[in-house]
Amino acid sequence: MVRLAAALALLAAAAGAAAAAGPNPITQPPLDGCARDPAALLQGLAPTLVYVNRTAEPQTLAGVVGAVTPSADLDIAVTPDSASTFLLAAGATSLVAARDATTVPAFAWPEPGDRVQLSGSWVWNCAKWKPAGERTELHPFRSLWVERPLAASSPWGEAEGDLFVSTDSTQAGVVADCALQPVYVSCLPSQAQWHDVSGLYSFVLPAPPKPPGAGKLLARVVDLGGPAPTVRLRNGAATVTMRLASAPGVPFVVAKQVFLGWTKVPATELPQHLHISFRSPLDPSTCDLAGVWGLCSTRRPMDVYLPRGVPWRLAVYTPSETITHRFASPVASLGLHRDRSKGFALTYVVTRVNDALKRAAAQPR
């Protein structure tokens with residue numbers, strides 16, 4: 001009896017380990033619909049994305065962003081929390097969540113180190129087959145929540161939670177949906193570009209540390225589309241909830257910025273205001289300044305608000321290269337910067353704007 005119990009325990013442990021390892025990237029993708037035929041993929045005769053287990057039910061991914069790659073798609077590499085590791089193909093340590101970049105508003109783009117929670121289509125990326133197999137992705141994601149402990153877009157040192165939800169399945173969703181149909185190619189022209197986003201959404205945004213001399217905790221919502229969420233303050237955090245009901249085939253988008261901070265913050269405790277002017281590149285490229293995304297163009301200076309003495313990064317994404325500059329503090333970044341290290345001329349100037357008294361007087365109350 002003891003031996004039997006031990007054997008059963010070993011079998012259970014092995015089953016648990018197999019489940020934790022995730023789907024097999026070598027044997028399962030062909031069963032789910034990946035053709036592994038380069039010519040068919042290039043000609044559009046085989047799907048580039050297929051649902052894992054041939055199941056279209058959306059999955060939820062929570063974790064920490066390791067890297068962001070903006071190109072045709074916004075690719076967000078996430079190191080998942082333990083509850084989301086089942087989404088990883090066996091042997092993988094991170095999962096890419098992706099969506100057509102033009103459909104995601106820039107305010108909701110995360111940066112490395114941010115915590116995120118996403119829901120979307122769990123698929124194999126058949127177009128990225130290697131000898132070790134395909135990789136799993138969340139593509140397209142239907143909802144995205146980004147948690148920023150100190151928002152570089154806030155003049156008052158607030159935490160920021162960004163919410164984006166969309167029924168637009170994008171072309172990626174059409175491909176995965178049609179891969180479930182008997183004839184893939186004939187499905188493409190008629191397949192609806194729509195995914196259901198109905199359900200209850202709930203997120204928690206922790207408050208930033210309370211500065212000396214500050215007042216009460218206050219939440220504010222910047223409404224950029226969709227119904228208003230419910231925001232409740234409790235135990236030093238804001239709980240953001242929203243129940244959505246999307247009608248079949250009807251386009252629907254939610255876009256919200258939730259800020260959480262303290263009132264009456266003394267001017268000496270406010271973040272430092274930096275103004276960044278680009279001398280080059282002349283052609284617009286995509287920039288990430290401590291989580292504030294935009295075009296780094298000579299015609300578009302950018303502003304960020306950064307905690308005193310805290311490191312920050314500026315990243316420029318060109319079609320061929322990514323240039324990253326890291327600074328020990330806002331003060332350490334002041335001045336003229338030139339970079340030709342990767343054959344791409346980057347020149348910009350960082351100046352400090354001394355408007356803390358003005359910002360202190362304009363704080364939300």
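Author: Two strands are said to pair if DSSP finds at least two bridges between them. The model discussed here is predicted.

Reader: What makes β14 and β15 a pair of strands, and in which sense do they run?

Author: Strand β14 (residues 285-289) and strand β15 (residues 292-296) are joined by five bridges. The definition asks for at least two, so β14 and β15, with five, count as paired. Their pairing is antiparallel. One of the bridges links C287 to G294 in β15.

Reader: How many residues lie between β14 and β15, and which residue in the turn has a positive phi?

Author: The two strands form a hairpin with two residues between them. In that turn, A290 has a positive phi of about 55°.

Reader: How do you know that β14 also pairs with β17?

Author: Four bridges join β14 to strand β17 (residues 312-317). Since the definition requires at least two bridges, these strands pair as well, and they run antiparallel. L289 stands opposite L314 in β17.

Reader: Why is β14 described as largely enclosed by the rest of the structure?

Author: A residue is buried when its relative accessible area is under 20%. Four of the five residues of β14 are buried, so the strand is largely enclosed by the rest of the structure.

Reader: Why is A255 called buried?

Author: A255 has a relative accessibility of 5%, and the limit is under 20%, so A255 counts as buried. This residue belongs to strand β12 (residues 253-262). Leaving aside residues up to four places away in sequence, A255 touches F107, L163, V222, D223, L224 and G225.

Reader: Is G173 in helix α4 buried or exposed, and how do you know?

Author: G173 lies in helix α4 (residues 170-178). Its relative accessibility is 0%, against a limit of under 20%, so G173 is buried. Apart from residues up to four places away in sequence, G173 touches P140 and H195.

Reader: What is the order of the strands in the open sheet that contains β13?

Author: Four strands form this open sheet in the order β16-β13-β20-β19, with antiparallel pairing. The twist averages 25° from one strand to the next. Strand β13 (residues 272-280) and strand β20 (residues 346-353) share seven bridges, and H275 has T351 in β20 as its bridge partner.

Reader: What makes β16 and β19 edge strands?

Author: β16 (302-306) and β19 (335-339) each have a single partner strand, so one side of each is left without a neighbour in the sheet.

How values were computed. Residues are numbered from 1 along each chain as its sequence is written. This is a predicted model: local features need pLDDT of at least 70, side-chain atom pairs count only at pLDDT 80 or more; totals for chains, interfaces and linings use all residues. Side-chain values use heavy atoms; hydrogens and water are left out. Buried means under 20% relative accessible area, exposed over 50%, partly exposed in between (1.4 Å probe, protein chains only). Contact means heavy atoms within 4.5 Å. Axes are lines fitted to C-alpha atoms, for helices over the stretch in contact, and angles run from 0 to 180 degrees between N-to-C directions.
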